[in-house]
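User: I have a model open and want to talk through how the fold is put together. Can you take my questions as they come?

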Amino acid sequence: MAPEALVQAGTPTLFTPYQMGKFNLSHRVVLAPMTRCRAVNEIPFDAHALYYSQRATHGGFLITEGTSPSNTAAGFPNVPGIYTDEQVEAWKKVVDAVHAKGSIFFCQLWHVGRASHNVFQPNGDSPISSTNKPLSDKWDAFLPDGSIAKFSKPRALQTNEIPQVVDHYRKAAINSIQAGFDGVEIHAAHGYLIDQFLKDGINDRVDEYGGSIENRCRFLIQVVEAVVSAIGPERVSVRISPAIDHNDATDSDPLGLGLAVIERLNKLQQKFGSKLAYLHVTQPRFTAAGTKENGNEEEEAKFIKTLRNAYDGTFMASGGYTRELGLKSLADDEADLISYGRLFISNPDLVLRFKLNAPLNKYNRQTFYTKDPVVGYTDYPFLNQASDEKEE
């Protein structure tokens, strides 16, 4: 039976409006943050404005690709930053193009931590992390010259260095608002810097940032507090992935970790007297190579629903969603919003295609991370273009 047939009157769908704090959304299909590697010299340009505006809809919600809050944050080639005046000025054109279409636009602040290589670091230094332990050899680093290497051995941040890294997030948030963004998403997922503090499979510290779950959550909470102090809670969101093992990010109790983070975010919201914009959680089935084929849908739904029920605020889910899974997740009250990545890459008009239940363009994984400003980036056809080509 089609998901639409299961929807009862009053049950939200992907096309039901939603009030996300101060933002009025006309639908619940969100552009997920994705690495696209098109920002030469870490600066977005005209192709970014076209790419994002293609995917913008009136009352829609878009999140940028991971964007570096400092010069130590990158681990992929051609990733944009938002820590220099030049980067801020360049982002203004992109934001203006998205706002012209009537969309809400958040900037994702992304520090990769140990998932980097010396070539990306100032003076060829070691990447910073919660630990000195390197990533295992199963993971590859993609270098600016097109070659592939193993990730470099990281350097564990000294306790007295951590406040400076926290401040980088604060300044990047201020820069994001100056660029015109409506808010920021703090990337605390997928084995990157903040997740390297959260997960006990990585964090081996013996100071106040390691050991207990309270200590492992400390860095994230300090970042959230710093960013909120700068731009206000309604413009701040957090992404977590407690059950994802990407970049060796394992934890002995994923559900316990997720609930611990949520408990602390709920307390912060009480302290702020206002809710964060949203919490963004990646489904356990997600992997970088695609959706797990052998996932237990019932267990995954139970996992995400437990986190959803614990969080006091807007809950966004991501990770391998289709139109049907998105409809079902909303109908089952597992989430308020659904973010889409790969399907949005190849379908700039994904919202319209979902609304019409129209066929989707297939994505080409080989062009996900190239630096070509057109191929695999802004050249996927819209529905009317695809129909015209078929008629010809």
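Analyst: What follows is a short run through the strands, the cores, the cysteines and a few loop residues.

Analyst: This is a predicted model, in which local features need pLDDT of at least 70, side-chain atom pairs count only at pLDDT 80 or more, and totals for chains, interfaces and linings use all residues. Residues are numbered from 1 along each chain as its sequence is written, and side-chain values use heavy atoms, with hydrogens and water left out.

User: Which strands make up the barrel, and in what order?

Analyst: The closed barrel has eight strands in the order β3-β4-β5-β10-β11-β12-β15-β16, with parallel pairing. Strands here are DSSP runs (E, at least two residues), helices are also DSSP runs (H or I, at least four), and both are numbered from the N terminus. Two strands pair if DSSP finds at least two bridges between them.

User: And the twist from one strand to the next? What does it average?

Analyst: The average is 25 degrees from one strand to the next. Axes are lines fitted to C-alpha atoms, for helices over the stretch in contact, and angles run from 0 to 180 degrees between N-to-C directions.

User: Take β5. Which strands does β5 pair with?

Analyst: Strand β4 (residues 61–67) pairs with β5 in the parallel sense over five bridges, and Gly 66 stands opposite Gln 108 in β5. β5 is also joined by four bridges to strand β10 (residues 183–188), again running parallel. There, Leu 109 has Ile 186 of β10 as its bridge partner.

User: What links β4 to β5?

Analyst: Helix α3 (residues 85–100) forms a right-handed β-α-β unit with β4 and β5. Right-handed means that, with the strands pointing away from the viewer, the path from the first strand over the helix to the second runs clockwise.

User: Why is β5 described as largely enclosed?

Analyst: Because six of the six residues of β5 (residues 104–109) are buried, the strand is largely enclosed by the rest of the structure. Buried means under 20% relative accessible area, exposed over 50%, and partly exposed in between (1.4 Å probe, protein chains only). Ile 104, Phe 106 and Gln 108 lie on one side, with Phe 105, Cys 107 and Leu 109 on the other.

User: What about β11?

Analyst: Five of the five residues of β11 (residues 236–240) are buried, so this strand too is largely enclosed by the rest of the structure. One face has Val 236, Val 238 and Ile 240, and the other has Ser 237 and Arg 239. Five bridges join β10 to β11 in parallel, with Glu 185 partnered by Ser 237. On to β12: β11 and β12 pair in the parallel sense over four bridges, and Arg 239 has His 280 as its bridge partner. Helix α7 (residues 254–272) completes a right-handed β-α-β unit with β11 and β12.

User: And where does β12 go next?

Analyst: Strand β12 (residues 278–282) is joined by four bridges to strand β15 (residues 315–318), running parallel. Leu 279 has Phe 315 of β15 as its bridge partner.

User: Switching to packing. How many residues are in the largest nonpolar core?

Analyst: That core has 80 residues, and Tyr 169, Phe 219, Leu 265 and Tyr 340 have the most contacts inside it. A nonpolar core is a set of buried Ala, Val, Leu, Ile, Met, Phe, Trp, Tyr and Cys residues joined through side-chain atoms within 4.5 Å. Helix α6 (residues 213–231) gives the most to this core, with ten residues. Another core, of 14 residues, lies apart from it and includes Trp 110, Trp 139, Ala 149 and Phe 151.

User: What does Phe 219 touch?

Analyst: Leaving aside neighbours within four places in sequence, Phe 219 is in contact (heavy atoms within 4.5 Å) with residues including Ile 162, Val 165, Tyr 169, Leu 193 and Phe 197.

User: How many disulfides are there?

Analyst: A search of the whole structure finds zero, a disulfide being a pair of cysteine sulfur atoms within 2.5 Å. For Cys 37, the nearest cysteine sulfur, that of Cys 107, is 16 Å away. Cys 37 is buried, with a relative accessible area of 2%.

User: Any odd backbone angles? Which residues have a positive phi?

Analyst: Among them are Asn 78, with phi near 60 degrees, and Asp 248, with phi of about 60 degrees. Most residues other than glycine have a negative phi. Asn 78 lies in the loop between β4 and α3 and counts as partly exposed at 22% relative accessibility. Asp 248 is found in the loop between β11 and α7.
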